[in-house]
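User: I have a structure to go through before I get back to the bench. Can you take my questions one at a time?

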Amino acid sequence: MWTCPQCRKTFVRDNQSHSCNDKTLSDYLQGKSELTISLYDHFIRELSALGDIQVRPTKSAIALSVDVRLGHIHRLGKNFVDVVFYFDKPYEDNLCFYKIANVPGSTQNNHYFRMMNEEDINEEVLKYMKMAVKAATRK
Ligand SMILES: [Zn+2]
């Protein structure tokens with residue numbers, strides 16, 4: 001077992017390369033309500049059914065990717081989970097995103113989705129989830 005002198009995280013291998021600022025999944029889930037954690041689990045399960053999803057906690061968010069990033073968990077609230085999907089253009093004609101924001105200087109458009117119960121992943125949301133997974137898959 002090796003402990004990084006900077007961040008005090010422990011690793012199996014000596015000098016394991018990592019980013020000291022990265023948080024762990026438990027850092028994110030700690031102290032969250034049972035509802036929020038079950039919503040998070042449900043979302044990851046639904047997303048994972050669509051492709052080979054990588055879930056990677058970073059210093060600012062829980063990143064979601066296949067071969068490239070498709071979005072991130074924006075916020076784990078008291079009784080909701082906010083997810084952001086990245087698309088190369090804004091899909092304004094929808095009922096499921098409460099905000100769409102272009103990332104300045106890029107073609108990335110962040111689409112914000114708030115999940116308050118499992119049924120929020122409806123047909124429309126699933127359609128966008130599939131699109132995001134497809135766009136992030138390089139083969
Ligand atoms: Zn470190």
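User: Is His-18 buried, partly exposed or exposed?

Analyst: Keep in mind that this is a predicted model. The relative accessible area of His-18 is 28%. Buried means under 20% and exposed means over 50%. The value of 28% falls in between, so His-18 is partly exposed.

User: Which residues coordinate the zinc ion?

Analyst: The donor atoms sit at 2.1 to 2.4 Å from the zinc ion. Along the chain they follow the spacing C-x2-C-x10-H-x1-C. The histidine donates through NE2 and the cysteines through SG. The residues are Cys-4, Cys-7, His-18 and Cys-20.

User: What is the arrangement of the four donor atoms around the zinc ion?

Analyst: The angles decide this. Four donors count as tetrahedral if all angles lie between 85 and 135 degrees. Here the angles are 104 to 119 degrees, so the arrangement is tetrahedral.

User: How many residues apart in sequence are the parts that Cys-7 and His-18 tie together?

Analyst: Both residues coordinate the zinc ion. Cys-7 lies in the loop between strand E1 (2-3) and strand E2 (10-11). His-18 lies in the loop between E2 and H1. The pair therefore ties together parts whose separation in sequence is 11 residues.

User: Which residue in the loop between E1 and E2 has a positive phi although it is not a glycine?

Analyst: The residue has a phi of about 65 degrees. Its relative accessibility is 58%, so it counts as exposed. Its place is the loop between E1 and E2. It is Arg-8.

User: Is Asn-15 buried or exposed?

Analyst: Asn-15 lies in the loop between E2 and H1. Its phi is positive, near 50 degrees, in a residue other than glycine. The relative accessible area is 60%, so Asn-15 is exposed.

User: How far apart in space are Asp-14 and Val-81, C-alpha to C-alpha?

Analyst: Asp-14 is found in the loop between E2 and H1. At 57% relative accessibility, Asp-14 counts as exposed. Val-81 is 67 residues away from Asp-14 in sequence. Their C-alpha distance is 36 Å.

User: In what order do the elements of the protein run from the N terminus on?

Analyst: The protein has three helices and eight strands. Its C-alpha trace spans about 50 × 35 × 30 Å along the principal axes. From the N terminus on, the order is β-β-α-α-β-β-β-β-β-β-α.

User: Which residues of the largest nonpolar core touch the most other members?

Analyst: In soluble globular proteins, nonpolar side chains tend to be buried together. The largest nonpolar core here holds 29 residues. Among the elements that give it two or more residues are helix H2 (34-48), strand E5 (69-76) and strand E6 (81-87). The residues that touch the most other members are Phe-43, Leu-70, Ile-73 and Phe-85.

User: Which residues is Ile-73 in contact with, leaving aside its neighbours within four places in sequence?

Analyst: Ile-73 is one of the core residues that touch the most other members. Phe-43 is another of them, and Phe-43 is also a contact of Ile-73. The full set is Tyr-40, Phe-43, Ala-61, Ile-62, Leu-64, Val-81, Asp-82 and Val-83.

User: Which residues of H2 are buried?

Analyst: H2 has 15 residues. From its first C-alpha to its last it reaches 21 Å, close to the 21 Å expected at 1.5 Å a residue. Its buried residues are Thr-36, Leu-39, Tyr-40, His-42, Phe-43, Ile-44 and Leu-47.

User: Is Val-84 buried or exposed?

Analyst: Val-84 is found in strand E6. Beyond four places in sequence, it touches residues including Leu-70, Gly-71, His-111 and Tyr-112. Its relative accessibility is 0%, so Val-84 counts as buried.

User: In which sense do E6 and E8 pair?

Analyst: E8 is mostly covered, with six of its seven residues buried. Phe-87 stands opposite Asn-109 in E8. E6 and E8 pair over seven bridges, and the sense is antiparallel.

User: What is the bridge partner of Asn-102 in E8?

Analyst: Strand E7 (residues 99-102) joins E8 through four bridges, and the two run antiparallel. They form a hairpin with six residues between them. In the turn, Gly-105 has a positive phi of about 80 degrees. The partner of Asn-102 is Asn-109.

Notes: Residues are numbered from 1 along each chain as its sequence is written. This is a predicted model: local features need pLDDT of at least 70, side-chain atom pairs count only at pLDDT 80 or more; totals for chains, interfaces and linings use all residues. Side-chain values use heavy atoms; hydrogens and water are left out. A nonpolar core is a set of buried Ala, Val, Leu, Ile, Met, Phe, Trp, Tyr and Cys residues joined through side-chain atoms within 4.5 Å. Buried means under 20% relative accessible area, exposed over 50%, partly exposed in between (1.4 Å probe, protein chains only). Contact means heavy atoms within 4.5 Å. Donors are N, O and S atoms within 2.8 Å of the metal (3.2 Å for Na, K and Ca); water is not among the atoms, so sites may look incomplete. Four donors count as tetrahedral if all angles lie between 85 and 135 degrees; four count as square planar and six as octahedral if opposite donors are over 155 degrees apart and all others between 65 and 115; anything else is irregular. Two strands pair if DSSP finds at least two bridges between them. The expected span of a helix is 1.5 Å times one less than its number of residues.
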